[in-house]
Amino acid sequence: MDKRPTPQRIGILMAVLLFAALLLAACGGTASQPKITIKLAENAWTGSSINVNVAKILLEEKLGYKVEIVTIDENAQWAALGNGDLSASLEVWPSGHAANVKQYIDEKKVVENLGPLGVVGKISWYVPTYVVQEHPELATIDGFKKPEDVALFKTTESGDKGQFLAGDPSWVQYDEDIIKNNGLDLKVVRAGSEQAVLAALDAAYSRKQPILFYFWTPHSIHAKYDLTAVKLPEYTEQCYATASSGGVNCDYPKDVLFKIAWADLKNKAPDAYQFLKNMQYTDKDQIGMIASVELDKKTAEQAARDWISKNEGVWKTWIPAK
């Protein structure tokens with residue numbers, strides 16, 4: 001039998017090869033180019049840990065990727081995303097990152113905005129509500145201009161000033177500027193971590209002592225304690241336009257939290273890119289998982305798996321169509 005190639009045989013072979021190539025591409029890779037490892041940034045707060053664990057589980061178990069969680073400072077992550085050392089970060093608070101957005105997204109175009117996470121955050125100054133009940137003037141910043149009220153918050157660490165308790169030094173914070181620009185006799189003392197702030201609050205709360213501290217919503221803290229957000233001067237864009245020069249003297253804005261990714265992720269892992277772009281849930285979803293970690297002492301992975309098992313109708317919409 002003549003086995004030499006004929007135009008018909010060549011045509012059939014080409015069709016088979018084309019079909020195989022399309023099949024491999026639909027599966028997310030080629031024989032010579034396997035799926036890349038997805039590296040997700042984990043920042044220094046529980047909500048970030050929750051987000052990356054939800055994404056990790058689904059990327060690995062539904063899309064077949066290997067995923068690494070990389071603990072990194074929220075400011076340092078931008079350069080790492082820009083050069084491809086990280087694939088994505090899933091919870092950016094925009095009020096603290098205008099300069100990074102301008103540099104890496106708008107100008108260099110090495111990082112891409114993947115759209116909203118679905119969660120709306122707000123940083124505030126907090127005191128326990130029992131403090132405001134005894135000293136109603138402390139519901140606003142004006143109360144902290146009175147020496148007798150500031151004296152309630154003095155500690156060994158703050159000396160002759162009232163203490164303002166902050167957390168991890170890597171967090172975006174303008175409290176020292178707010179204090180200075182409003183002429184307050186307060187000193188920022190850094191507890192070092194979210195857990196340390198919570199421990200200090202728990203100790204003060206158990207003794208009904210005054211404490212003034214930086215914190216945010218959404219968080220399980222609001223399910224455990226009765227807290228009052230101190231009313232600061234109203235946020236304006238003009239106020240934050242002077243952030244880089246220390247001019248902030250107003251409240252933190254509401255933050256529509258968003259996701260960012262290495263700009264080349266869409267080419268290197270298009271289905272993972274689309275999954276992360278689609279990923280979106282509510283404040284209630286995230287608060288429930290955070291509460292599982294902070295109050296029920298589950299790991300972030302356990303909390304994420306529990307949510308995934310109960311919310312298939314939500315996360316299935318994130319999986320890109322084949």
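Visitor: Why does Ala 204 count as buried?

Guide: Buried means under 20% relative accessible area, exposed over 50%, partly exposed in between (1.4 Å probe, protein chains only). Ala 204 has 6% relative accessibility, so Ala 204 counts as buried. Ala 204 sits in helix H8 (residues 194–207).

Visitor: What should I know about the model and its numbering?

Guide: This is a predicted model: local features need pLDDT of at least 70, side-chain atom pairs count only at pLDDT 80 or more, and totals for chains, interfaces and linings use all residues. Residues are numbered from 1 along each chain as its sequence is written, and side-chain values use heavy atoms, with hydrogens and water left out.

Visitor: What is Ala 204 in contact with, leaving aside its neighbours within four places in sequence?

Guide: Contact means heavy atoms within 4.5 Å. With those neighbours set aside, Ala 204 is in contact with Tyr 130, Gln 209 and Ile 211. Pro 128 is 76 residues from Ala 204 in sequence, and their C-alpha atoms are 9.0 Å apart.

Visitor: What makes a run of residues a helix or a strand here?

Guide: Helices (H or I, at least four residues) and strands (E, at least two) are DSSP runs, numbered from the N terminus. The protein chain comes to 15 helices and nine strands. Buried residues make up 48% of its 322 residues.

Visitor: How do you know that there is a disulfide between Cys 239 and Cys 250?

Guide: A disulfide is a pair of cysteine sulfur atoms within 2.5 Å. The sulfurs of Cys 239 and Cys 250 are 2.2 Å apart, and a disulfide joins the two. A search of the whole structure finds one disulfide.

Visitor: What does the disulfide of Cys 239 and Cys 250 tie together?

Guide: Cys 239 lies in helix H10 (residues 237–240), and Cys 250 in the loop between H10 and strand S9 (254–262), so the pair ties together parts that are 11 residues apart in sequence.

Visitor: Why is this disulfide called left-handed or right-handed?

Guide: The torsion about the S-S bond of Cys 239 and Cys 250 is about -105 degrees, so the disulfide is left-handed. Cys 239 is buried, at a relative accessible area of 7%. Cys 250 is buried too, at 1%.

Visitor: Why is Ile 69 called buried, partly exposed or exposed?

Guide: The relative accessible area of Ile 69 is 29%, so Ile 69 is partly exposed. Ile 69 is placed in strand S2 (residues 67–71). Not counting residues up to four places away in sequence, Ile 69 touches Leu 40, Glu 42, Val 52, Asn 53 and Lys 56. The C-alpha atoms of Ile 69 and Ile 38 are 8.5 Å apart, with their positions 31 residues apart along the chain.

Visitor: And why is Phe 275 called buried?

Guide: Phe 275 has 0% relative accessibility, so Phe 275 counts as buried. Phe 275 is found in helix H12. Beyond residues up to four places away in sequence, Phe 275 touches residues including Leu 58, Leu 63 and Trp 318. Leu 59 is 216 residues from Phe 275 in sequence, yet 8.0 Å away in space, C-alpha to C-alpha.

Visitor: Which residues of H12 are buried, and what do they pack against?

Guide: In helix H12 (residues 270–278), the buried residues are Asp 271, Ala 272, Tyr 273, Phe 275 and Leu 276. They pack against strand S1 (38–42), H2, strand S3 (88–92), strand S4 (111–128), S9 and helix H11 (265–268).

Visitor: What makes a set of residues a nonpolar core?

Guide: A nonpolar core is a set of buried Ala, Val, Leu, Ile, Met, Phe, Trp, Tyr and Cys residues joined through side-chain atoms within 4.5 Å. The largest has 85 residues, and Leu 276 is among those with the most contacts inside it. The largest share of this core, eight residues, comes from H2. A second, separate core has 12 residues, including Trp 78 and Tyr 104.

Visitor: How do the axes of H2 and H14 cross?

Guide: Axes are lines fitted to C-alpha atoms, for helices over the stretch in contact, and angles run from 0 to 180 degrees between N-to-C directions. The axes of helix H2 (residues 46–63) and helix H14 (residues 300–310) come within 8 Å and cross at roughly 60 degrees.
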